[in-house]
Amino acid sequence: MGFIVRALHRSKPLIRAHLSPKPNPNLSLFRWITTTPDLHKPEASAEAEMPQPEILPRKPIGGARFEVSKPEDTMEVFVDGFPVTIPKGFSVMQACELAGVDIPRFCYHSRLSVAGNCRMCLVEVEKSPKPVASCAMPALPGMKIKTDTPIAKKAREGVMEFLLMNHPLDCPICDQGGECDLQDQSMAFGSDRGRFTEMKRSVVDKNLGPLVKTVMTRCIQCTRCVRFATEVAGVEDLGILGRGSGEEIGTYVEKLMTSELSGNVIDICPVGALTSKPSAFKFRNWELKGTETIDVTDAVGSNIVIDSRGPEVMRITPRLNEDINEEWISDKTRFCYDGLKRQRLNDPMIRGSDGRFKAVSWRDALAVVAEVAHQVKSKEIAGVAGRLCDAESMMALKDFINRLGSNNVLCEGNGLNPQADLRSGYLFNTSIAGLEKADAFLLIGSQPRIEAPMVNARIQKIVRASQAKVAYIGPPTDFNYESEHLGTGPKTLIEIAEGRHPFFSTLSSAKNPVIIVGAGIFERKDYDAIFSAVESIAKSANVIRPDWNGFNVLLLHAAQAAALDLGLVPDPEFSLSSTKFLYLMGADDFNIESVPNDAFVVYQGHHGDKGVYRANVILPSAAFTEKEGTYVNTEGCAQWTVPAVPTVGDARDDWKIIRALSEVAGVQLPYNTLEAVHGRIRTVAPNLLHVEERETTTPFVGLKPEIQDKPNSSPFGVAIENFYMTDAITRASKTMAQCSATLHKK
């Protein structure tokens, strides 16, 4: 064949002369095909002909940045011709993000291990024979990376065609629609048509529990959920089964997902395979208004976004905060929002002579409370702040009770005689993020997995990364990492304090040891003796040093730290049995059995929960999603809640109710605005106004008087019986009730 072509090529002038008596250069009977080296690679020739645009520096994706201590730990690579300095060990994808180039991906997640199985992140690297997966390829010095070449585009189109081959056309009925990575990336990087004409495969849906809805036919096997369950949640409930077209993700045996962080798989799933079961078919994401605020269901203060539609909270999602919750939240935080619209108190009410409540006006309700408050002795007056109260309302309650002549103001969960002199004695001094430097843990009367899931996730992360040693003293419990059970009561604690226990050598030889004391110990009568034993361990095991404070108290409720900062501590001789006027501000779990039957009880709160049954007067207040307030988390960081929805009925902010009541009672408080309340707080605890800041604390070792008493032998109890029902909001939630029935271990 080549011989014939060459012969025709040589005879071209002769043939033209015979066939074209009048040669015309513009017309020819034959089109002669010639071969040039440039045409073997049309992309290269096209690049050579096209003028090269000027390369402008781009901003890093998502504000990405890095810090290195030594300049020699960095190297230079070229992304689309632009030089970028990156730390050694970065992947090609991370280099591209620093260069401002967004690489498509499905399986890659910055907080999970690299899988490299979706192949959507293919880029072209000079001298590489084929495109490489940028998430799994380490960057090398001088590497030239090309992200926008025809080869890279064609590779992504091919990957997207394979992904869509078996993906159902569910977008009109899929809850992920509008925020689906597959939708966005198929539009940006996919082709305009597919060549697959066979039958699509289908997969049976899995039952993961009452929180996560599964449509596994939509799954693209990115394995994000599998890696999250194993690496972050610490439960190996999910795995990948089968091969080829029979490959699917599910549980090894038919079981529910038992993690308290299971809802996070909804956020990390790039398609609509895992969605929220309680909010299925309820809304589209473009209908929602997002409000950045914080969570108050525990003492961690996770940063969240409340999405609302009109007056109703539709969902709660996590907000990034590296120092507190990273980008995860607990299931209780995520799914308790339906409790905000059930069993709410709308109007002020007074209990009549027949025992029934009757709705009245604010003027009448406040007048009754003020009249009774003046009929009792000042020492018989007491106020209790609930576990969901903000700092402003507790400040107003303390001032109001003080103006009535009483100092008996306390907070739920802190006990009757808390020690509030030194902040280091009741805060998480290491900080949540600082736990990542620890290499040995001693947990005393604490169950972080139930009390603070985000703190437990940090401990699990450290144990998995550095094989840190974990031991605990308390009732048998289920940790999702390797741990050693030392004992159940103070006897083991005394053995460690005296250096007679084997774990003492582990703790003293650790570089950064950590002791975590559960706040449930506040309710014990031998509270001071236990903390004295813990202090002796901290001294002898070098837990507290100038450069390291490993002593921590893990609080249970959102209001505890702010209450102790503000000095909500009753008189030493205070007793509930002598109380005749009790003001409960959201205190539903406070034990009032010893309160006399003839005592007058005022309940101020947002839910008709436990405190209502004993109340004589009910004053409706706003929930945390409806007001602006200050909360201090367990590590002492002050944060703000922001109103996302309007208040319900005739409810008011807590501090405004107390301010109005003080005026009716003739002991008017000297503030009318929120700024004025902050001015009052500034004189008592100025640290509460330093939002998003965490002030360092003074170590308490050597500053407190020695306690000669020995702790009693009773074992440490369980602070939280049911993780899914811990306050008025979660107890009113239908979703939390389902979780409690199906997931709570009885």
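1. Disulfides. The structure, which is a predicted model, holds zero disulfides. Cys-121 takes part in none, and its nearest cysteine sulfur, in Cys-135, is 3.7 Å away. A disulfide is counted here when two cysteine sulfur atoms lie within 2.5 Å, so the pair Cys-121 and Cys-135 does not qualify. Cys-121 is also buried, at a relative accessible area of 2%.

2. Cys-336. For this residue the closest cysteine sulfur belongs to Cys-739, at 11 Å, and that distance is too far for a bond. Cys-336 counts as buried, with 2% relative accessibility.

3. Overall build. The chain has 746 residues, of which 54% count as buried. Its secondary structure comprises 21 helices and 28 strands. The C-alpha trace spans about 130 × 65 × 50 Å along its principal axes. Among contacts with a separation of 6 or more, 69% are between residues 24 or more positions apart.

4. Domains. The chain is divided into domain 1 (61-148), domain 2 (168-287) and domain 3, the last made of two segments, 349-420 and 561-694. The centres of domain 2 and domain 3, taken over C-alpha atoms, are separated by 45 Å.

5. The seven-stranded sheet. An open sheet is formed by seven strands in the order 14-13-26-25-24-15-16, with mixed pairing. At its edges are strand 14 (357-359) and strand 16 (409-411), each of which pairs on one side only. From one strand to the next the twist averages 20 degrees.

6. Strands 25 and 26. Within this sheet, strand 25 (residues 600-605) and strand 26 (residues 617-620) pair in the parallel sense, over four bridges. One residue pair can be named: Gly-605 has Pro-620 of strand 26 as its bridge partner.

7. Helices on the sheet. Helix 11 (residues 391-403) packs on the sheet and touches strand 15 (381-385), strand 16 and strand 24 (581-585). The direction of helix 11 makes about 175 degrees with that of strand 15. Helix 18 (residues 654-664) also packs on the sheet, in this case touching strand 24, strand 25 and strand 26. Its direction makes about 150 degrees with that of strand 24. Strand 24 is thus touched by helix 11 and by helix 18.

8. Helix 14. In helix 14 (residues 490-497), the buried residues are Pro-490, Thr-492, Leu-493, Ile-494 and Ile-496. The buried residues of this helix pack against three strands, namely strand 17 (440-444), strand 18 (469-473) and strand 19 (484-487). They also pack against helix 15 (502-509) and helix 16 (527-540). Just after helix 14, Gly-499 adopts a positive phi of about 80 degrees.

9. Annotated span 151-190. An unreviewed UniProt entry assigns residues 151-190 the annotation "domain: 4Fe-4S His(Cys)3-ligated-type". In the model, this stretch is 60% helix and 0% strand. Its end C-alpha atoms are 14 Å apart.

10. Annotated span 288-344. The unreviewed UniProt entry gives "domain: 4Fe-4S Mo/W bis-MGD-type" for residues 288-344. Here the model has 9% helix and 35% strand, and the end C-alpha atoms lie 23 Å apart.

How values were computed
Residues are numbered from 1 along each chain as its sequence is written. This is a predicted model: local features need pLDDT of at least 70, side-chain atom pairs count only at pLDDT 80 or more; totals for chains, interfaces and linings use all residues. Side-chain values use heavy atoms; hydrogens and water are left out. Two strands pair if DSSP finds at least two bridges between them. Helices (H or I, at least four residues) and strands (E, at least two) are DSSP runs, numbered from the N terminus. Axes are lines fitted to C-alpha atoms, for helices over the stretch in contact, and angles run from 0 to 180 degrees between N-to-C directions. Contact means heavy atoms within 4.5 Å. Domain bounds come from an automatic or database domain assignment. Buried means under 20% relative accessible area, exposed over 50%, partly exposed in between (1.4 Å probe, protein chains only). UniProt positions are given in the numbering used here, feature names are shortened, and annotations may be inferred rather than shown by experiment.
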